[in-house]
Amino acid sequence: MRNILSRPVVACAVAVCAAAAIPTASAAASTPHAPILIGPNQPFSGYINGHPPGQAVIQTTCAGPVLPGETGNPLPNQTVEVKLGVTSGSTDSGYTGTAANNIRATLGTATGSAPVVIADFTAYNVIKYIPTNIQVPCAGPGVATFVPRPTSPTARSAKLSVSFLGQP
């Protein structure tokens, strides 16, 4: 009698364990932020602090009334990221072209100063931090450019408008 009762209990336990494992396996496979290697012929978009164009703000160390031309440093823990796919705008979306396997993010200002490299990416969905030792405007517009490398005639950089905002 003991063998007869234990078989259904074991079968039920196995079925419960198997059913419990199914959602875990599918959830792991569909993780939205898993790194994906950058390769040729891929559309992409750049993000600053998790925001696409029109919302991207870089907070700076500048406080009080900001004078024209005043510079400071980005505050810590601000992020830059590249994601596979495109956003709604045309200039903020890039294309890796036929040769690229990495993307370089640079930060420039509206005054035309030379752009500064803020990160290099070999995979999408990898968050990196904006360096805090670079000089940026205390306030005003800027542009983050995400450049496919190596370049090719079919490659297109993504340009993300940013706003610099001084914080006390």
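## The five-stranded sheet

In this predicted model, an open sheet of 5 strands follows the order 3-13-12-7-8, with mixed pairing. Strands here are DSSP runs of E with at least two residues, numbered from the N terminus, and two of them pair if DSSP finds at least two bridges between them. Strand 3 (57–60) and strand 8 (116–121) stand at the edges with a single partner strand each, so one side of each has no neighbour in the sheet. From one strand to the next, the twist averages 25°, with axes taken as lines fitted to C-alpha atoms and angles running from 0 to 180 degrees between N-to-C directions.

Strand 7 (residues 102–109) and strand 12 (residues 140–149) run antiparallel and are joined by 8 bridges. One of the pairs links N102 to R149 in strand 12.

## The chain as a whole

The chain has 1 helix and 13 strands, and the helix comes before the strands, counting from the N terminus. Helices are DSSP runs of H or I with at least four residues. Of the 168 residues, 32% are buried, meaning under 20% relative accessible area with a 1.4 Å probe, protein chains only.

## Charges over rings

Two lysines are worth a look. K83 lies over the face of Y47, 4.4 Å from the ring centre, and K128 lies over the face of F121, at 5.2 Å. The criterion is NZ of Lys or CZ of Arg within 6 Å of the ring centre and within 35 degrees of the ring normal.

## Ground rules

Residues are numbered from 1 along each chain as its sequence is written, and side-chain values use heavy atoms, leaving out hydrogens and water. Local features need pLDDT of at least 70 and side-chain atom pairs count only at pLDDT 80 or more, while totals for chains, interfaces and linings use all residues.

Key. Buried means under 20% relative accessible area, exposed over 50%, partly exposed in between (1.4 Å probe, protein chains only).
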